[in-house]
Amino acid sequence: MGSVVVLGIESSCDETGAGLVRDGRLLGHAVASSMDEHARYGGVVPEIAARAHVHALTPVVRRALDEAGLRMSDIGAVAVTTGPGLSGALQVGLAGAKSLAYALDVPLHGVHHLAGHVAADTLEHGPLPDPCVVLIVSGGHTSLLLVRDLARDPIVHLGDTLDDAAGECFDKVARVFGLPYPGGPAVDRAARDGDPAAVAFPRPLTGPRDAPYDFSFSGLKTAAARWAEGHAKAGRALPVADGAAALQEAVADVLTRKAVAACRAHGVGTLVVVGGVAANSRVRALAEERCGAAGIELRVPPMRLCTDNGAMIAAVGDLLVRAGAGSAPLDVSIDPSAPLEYAALHPVGRGR
């Protein structure tokens, strides 16, 4: 197949994203966020997110086209997130993608949201090494993966979170600390003025008998909440900066320790860290430090590609197109709780 411009559409949560990719190169992308509308509630409200996607989808696609200097007729394939995510939000993106694919008479590809995060790195650093270890850290997901050919091969899970994800831990503790939503960036900002050694927060699942690559951040969240409650009961002011720095250090320590160990155990020379929490300054710094000491290449996408965006979905679609993957029929459906097995998602009930 010749060179094809792939439009990617992302609407799994509170960002509406559109991106255009051809032959592994990002041509243009745009994102609209409804985060400010959710902030007053301390978390994402699904109905508000879905309505925001309805209003933002067409303008975002047009902005991405304008940035790329392309017309709608230049699009040769459409890729869209079909899971996991919020049901109503996914439905809006899929409806828009189906409409465009039908009107333009081009192939449609249903894409797994987390595979999009993995593919985002290719837009900055080129093809993924085969194999590589990928650490996905976001608001709802924390996983260690062994990835070979992202477009063709099954994705091997080395470990996953057993309860709260890293980003979820940041959000929940930030609320206890009196920091704004979203919690991850707020904790990162507050931690700049704190001492990471001020509080001895636990490092969950790091004992010799624990699952080596699984994660658990529920206990850390509870420990941070109890620490804050202790200050309140004693009538002491909460040293938020120290708490934020210590919390961030605990999360970064566990994530990077397990990721480097997985690379060593599987003889893999490249670690790719992706997802919203990959934007955290301490996670990035500690990953760089530990990978450097272990002789492991570290790849992290630029900040603009760490959070949800359409470019990452277009990147998966581009890989699928170049791998010769057949397009999904227009009766493709969403799967809000889709497991990460392959980059492409097919209609529920259909085989691969």
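Guide: Welcome! Let's start with a rule: a disulfide is a pair of cysteine sulfur atoms within 2.5 Å. In chemical terms, a disulfide is a covalent bond between the sulfur atoms of two cysteines. Before we apply it, please note that this is a predicted model, in which local features need pLDDT of at least 70 and side-chain atom pairs count only at pLDDT 80 or more, while totals for chains, interfaces and linings use all residues. Residues are numbered from 1 along each chain as its sequence is written, and side-chain values use heavy atoms, with hydrogens and water left out.

Visitor: How many disulfides does the rule give?

Guide: The count is zero disulfides. Cys263, for example, is in none, and its nearest cysteine sulfur belongs to Cys291, 6.2 Å away.

Visitor: Why is the sulfur of Cys291 not bonded to the one in Cys263?

Guide: The two sulfurs are 6.2 Å apart, which is too far for a bond. As for their surroundings, a residue is buried under 20% relative accessible area, exposed over 50% and partly exposed in between (1.4 Å probe, protein chains only). Cys263 has a relative accessible area of 1%, so it is buried, and Cys291, also at 1%, is buried too.

Visitor: Now for the rings. How many aromatic pairs are there?

Guide: Rings of Phe, Tyr and Trp (its six-membered ring) pair if their centres lie within 6.5 Å; planes under 30 degrees apart are stacked, over 60 edge-to-face, and the rest tilted. That gives three aromatic pairs. In one of them, the ring centres of Phe201 and Trp227 are 5.9 Å apart with planes at 85°, so this pair is edge-to-face. Phe201 sits in the loop between helix H7 (183-191) and helix H8 (218-233), while Trp227 is in helix H8, so the pair links distant parts of the chain, 26 residues apart. Helices (H or I, at least four residues) and strands (E, at least two) are DSSP runs, numbered from the N terminus.

Visitor: Are those two rings' residues buried or exposed?

Guide: Phe201 counts as buried at 6% relative accessibility, and Trp227 does at 16%. Elsewhere, Phe215 and Phe217 form a stacked pair, with 6.2 Å from centre to centre and 10° between the planes. Phe215 and Phe217 are both buried. Ring pairs also join Phe177, Phe201 and Trp227 into a cluster.

Visitor: How do I read a strand such as E7?

Guide: In a regular strand the side chains alternate between the two faces of the sheet. In E7, Thr142, Leu144 and Leu146 point one way, Ser143, Leu145 and Val147 the other, and all are buried. Because six of the six residues of E7 (residues 142-147) are buried, this strand is largely enclosed by the rest of the structure.

Visitor: Which strands does E7 join?

Guide: Strands pair if DSSP finds at least two bridges between them. Strand E6 (residues 132-137) runs antiparallel to E7, joined by six bridges, and Cys132 stands opposite Val147 in E7. A hairpin of four residues leads from E6 to E7. Strand E8 (residues 156-160) is also antiparallel to E7, with four bridges; there, Asp160 is the bridge partner of Ser143.

Visitor: What about the backbone angles?

Guide: Most residues other than glycine have a negative phi, and most peptide bonds are trans. Here the peptide bond from Gly83 to Pro84 is cis, with omega near -15°. Pro84 belongs to the loop between strand E4 (75-83) and helix H3 (87-104). The bond from Tyr181 to Pro182 is cis as well, with omega near 0°.

Visitor: Where is Asp23 found?

Guide: Asp23 is in the loop between strand E2 (15-22) and strand E3 (25-33). Its phi is near 50°, a positive value in a residue other than glycine. At 44% relative accessibility, Asp23 is partly exposed. Asp105 has a positive phi too, near 55°, and lies in the loop between H3 and strand E5 (108-112). With 69% relative accessibility, Asp105 counts as exposed.

Visitor: How far apart are the C-alpha atoms of Ile313 and Val111?

Guide: They are separated by 6.8 Å, although their positions lie 202 residues apart along the chain, counted as a sequence separation. Ile313 is in helix H11 (residues 310-322) and is buried, at 0% relative accessibility.
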